[in-house]
Amino acid sequence: MDFDIIFGNAARAAFGPEAVILALAAIGLNVHFGFTGLLNFGQVGFLLLGAYGTSVSVATFGWSLWVGILVGLVLSVALAVALGFPTLRLHAVMFAIVTIAAAEIIRILIGSTDAIGLTGGPLSVSFDAGAFYDLNPYPDGPHDRYGVGTFEFTGQQMWVITVGWVLVALVSLVVFLIVRSPWGRVLKSIREDEDAARSLGKNVFSYKMQALIIGGVIGGLGGVIDAIKTSGADPNGFRPQVTFFAYTALLLGGAATYMGPVLGAILFWFLREWIESFLRQLTAEAWLPDAVADFLSGSEGVISVAMVGLTLVLLMLFRPQGITGNRIEMQLDAR
Amino acid sequence: MWMRRLLALAVFVLCFVLAWAVPVSAQSGSEADSSQPTVLEDTLRVGFDQFFAGVEITVADQSGASIGRAVTDSQGQWSVAVPVAGTYRVSLDQSTLPDGIGLREGFESIVEVAVLEGASRAVVFAVGEAPKGTPFGDRAAQTVFNGLKFGLIIAMSAIGLSLIYGTTGLVNFAHGELVTFGAVIAWYFNSSWGELNLIVAAIVTMIVCGMLGAGLETGLFRPLRNRRLGIFQLVVVTIGLSLLGRQVIQLFFGAEPLPYTDFQVQERWEFGPWAVTPRELMTVAVIIAILLAMGLMLQWTRFGKATRAVSDNASLAEASGINVNRVVLMVWAIGAALAGLGGVFQGLDTDIDPFLGFQLLLLIFAGVELGGLGTAFGAMAGSLIIGMSTEVSTLWISPELKFVVPLAALILVLLFRPQGLFGIKARVG
């Protein structure tokens, strides 16, 4: 059993592009759920549009990557507006289900064979993200590695995660500033008691819509990073469970806090990869009975996702405010 | 109240009558897998278990010069390595396809694809059963029957979700996993252990699922209610359970589709425009009987009245001497048993895989919301509409997109009637 490899894998996952994407998705959810009390279960739809907006603009229409990124973000805004109008007046639980349904509709449409000409359909889409990597300041030779021991990245990966974490920091700062402002206090008052906010003359619908758009664009940014990282997009990468993973990260770190979603995303990927690597190493051990090894081998990913589910249950039972959250702020009844 | 219930009942009856007053074989879809560098590849298949061997595929560059040729193996797989990145023209020789199999309507036998350096690219040919030129009326009749069957499966699975929401306010995202659990447990008794007849296995499954539901209530959800966890926390607990349940099922039963050993191949009986297998008839008859029994029970028996009283106002019901916890326990047991049976019927129709229930869950939610949250009859009617619209839409649109229709319908209905079709208007938002 080689703990160097296990920790190296876990650390790489915790600080790699996957964690950046999850952190952005969770920060967006934090604006929706943590600060406004909107139970958005379709966050993956925003990531999908961010990723596909970028990929399709470059791959199908031949536009520049920067235009593509803009298209991805504009599509996220469009989804928020289209989703918000029919659903923001619904009961919290109905809102949750309708948002899942909307994200699934988009995923099915984009992944269908009828859409092959536009989005690549089930074939997935790939494009040349060269415009992004041309700016890479890290030397990227075949032997250039950055990091210590088994925790190391290539030059290209370094560039993606540098941009990614800077983006996460900027977005967190923006969220911090706007939530601290009078505007943010209205959001929190809507979360605590919508009717009270309305009776004070606040246009609750409009504030909710603004929150939905801002959180959606942040999710869309996560999708853009995803598209750049993989130089493309695949419909299977945007199943509803991505939203649930983002919730896990958010609740792990602490909803309605500023650093919670970032901390949660890092921890989520660290633990998930740690479990997976640990199991993979474990099955190679000679002392393990063959029957157990056979049962475990090939199922490492399945078990680590099962652990995500277990984490959610245990978190809600014993520490609903997460690691950094405030218990009183998490007493809210979603509406 | 009475009008609504009557209206819900009328829709229910109408859907049923429609099915017999106005055929789809297994729908086909091809899927892509990829993993090797700079190659074009795919698996030629219909569904999960029908692969086509000996089909010729040729690859040419844009000037038309031939680059390579491949013949699918017994698993339907083929791949052609290409020298450089660029756009290639891939063509399928239709004459080498087996009889009765052809390209689906609207798809070409020549596909142009772009490949990147060092990447592999899947090329999908949409093959399926060749159109046989069935008259539109017959196809319509068959899709309506399929819609009825699918709607009934959704309705039966939805009863538990709706009643549990009504009595405790819990929205159970793990309900889909109860459905999957029913499907795999029945498979286990039917194919793996004991080789019970599927009917016996289904009864055993209902008992096991009912016990699981009762266990979840007493072991988890009742203590949580007593701790006064908020709605959101409870929803997240069920989401966690859903992820956990699905992964555990996958751990023990694998991700590959499993078939039941009974009732697989059956001769179709012809009734006018319908060609129906006895299996499908049995499905429809059993579910209608169960739904009627549930309806009568809710309306007339002591337990049914107590359930409705708890749904209306739990504290008031408790104060008038109803044992709320016992009612909720029964609701969980019955709801889970019916969800499990729904899984068995759905497994008979498709194949059993760990995502079976989660795929159904969104449609169950759609049915329950369409009818109005917490109304049992509304849930039945809503589910039938969802099932019917899913299947009937395949007359006009590609079957891949059929789940879009009910979900879009749900959003549209909520735009105009936030309380659902048969729900009671309450002030929301």
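Two strands are taken to pair if DSSP finds at least two bridges between them. In the predicted model described here, S4(B) (residues 56–61) and S5(B) satisfy this condition with five bridges, and the two strands run antiparallel. One of the residue pairs involved is B:Ala60 with B:Ser66, the latter in S5(B).

The S4(B)–S5(B) pair belongs to an open sheet of four strands in chain B. The strand order is S5-S4-S7-S9, and the pairing is antiparallel. S5(B) (66–71) and S9(B) (110–115) stand at the edges. Each of these two has a single partner strand, so one side of each is left without a neighbour in the sheet. Neighbouring strands are turned against each other by 25 degrees on average, direction ignored.

A second open sheet in chain B consists of three strands in the order S6-S1-S10. Here the pairing is mixed. The edge strands are S6(B) (77–81) and S10(B) (120–122), each of which pairs on one side only. In this sheet the average turn between neighbouring strands is 20 degrees, direction ignored.

S1(B) (residues 39–43) has a parallel partner in S10(B), to which three bridges join it. With S6(B), S1(B) pairs in the antiparallel sense over five bridges. Individual residues show both pairings. B:Val39 has B:Ser120 as its bridge partner in S10(B). B:Glu41 stands opposite B:Ala122 of S10(B), and its bridge partner in S6(B) is B:Ser79. S1(B) is mostly covered, with four of its five residues buried.

Chain B as a whole has 12 helices and 13 strands. Of its 429 residues, 46% are buried. B:Thr218 offers a contrasting example from a helix. This residue lies in H4(B), which spans residues 198–226. B:Thr218 counts as partly exposed because 14 C-beta neighbours lie inside 10 Å, whereas a buried residue needs 20 or more. B:Thr218 and B:Phe173 are 45 residues apart along the chain, and their C-alpha atoms are separated by 18 Å.

The contact between the two chains was examined next. It involves 44 residues of chain A and 41 residues of chain B. On the chain A side, H5(A) (92–110), H12(A) (241–253) and H15(A) (300–318) each supply at least two residues. H5(A) gives the most, with 12 residues. By class, the side of chain A that touches chain B has 32 nonpolar, eight polar and four charged residues.

Across this interface, H5(A) packs against H12(B) (residues 404–416). The angle is about 140 degrees, and the axes are 9 Å apart. An angle over 145 degrees would count as roughly antiparallel; H5(A) is therefore oblique to H12(B). Their crossing is left-handed. From H5(A), the contact draws on A:Met94, A:Val98, A:Ala101, A:Ala102, A:Glu104, A:Ile105, A:Ile108 and A:Leu109. H12(B) contributes B:Val404, B:Leu407, B:Ala408, B:Leu410, B:Ile411 and B:Leu414. The residues of this helix pair divide into 13 nonpolar, no polar and one charged.

Within chain A, H12(A) also packs against a helix of its own chain, H3(A) (residues 43–59). The angle between H3(A) and H12(A) is about 110 degrees, with a distance of 7 Å between the axes. Angles of 65 to 115 degrees count as roughly perpendicular, and H3(A) and H12(A) are therefore placed in that class. H3(A) passes H12(A) in a right-handed crossing. The residues that meet are A:Gln43, A:Val44 and A:Leu47 in H3(A) and A:Val242, A:Thr243 and A:Ala246 in H12(A). Four of these contact residues are nonpolar and two are polar, with no charged residue.

How values were computed. Residues are numbered from 1 along each chain as its sequence is written. Chains are lettered from A and ligands numbered from 1 in the order in which they are written. This is a predicted model: local features need pLDDT of at least 70, side-chain atom pairs count only at pLDDT 80 or more; totals for chains, interfaces and linings use all residues. Two residues are in contact if their C-beta atoms, placed from the backbone, lie within 7 Å. Ala, Val, Leu, Ile, Met, Phe, Trp, Tyr, Cys and Pro count as nonpolar, Asp, Glu, Lys and Arg as charged, and the others, Gly among them, as polar. Axes are lines fitted to C-alpha atoms, for helices over the stretch in contact, and angles run from 0 to 180 degrees between N-to-C directions. Angles under 35 degrees count as roughly parallel, over 145 as roughly antiparallel, 65 to 115 as roughly perpendicular and the rest as oblique. A crossing is left-handed if the near helix is turned anticlockwise from the far one by less than a right angle, and right-handed if clockwise. A residue is buried if 20 or more other C-beta atoms lie within 10 Å of its own, exposed if 12 or fewer, and partly exposed in between; C-beta atoms are placed from the backbone.
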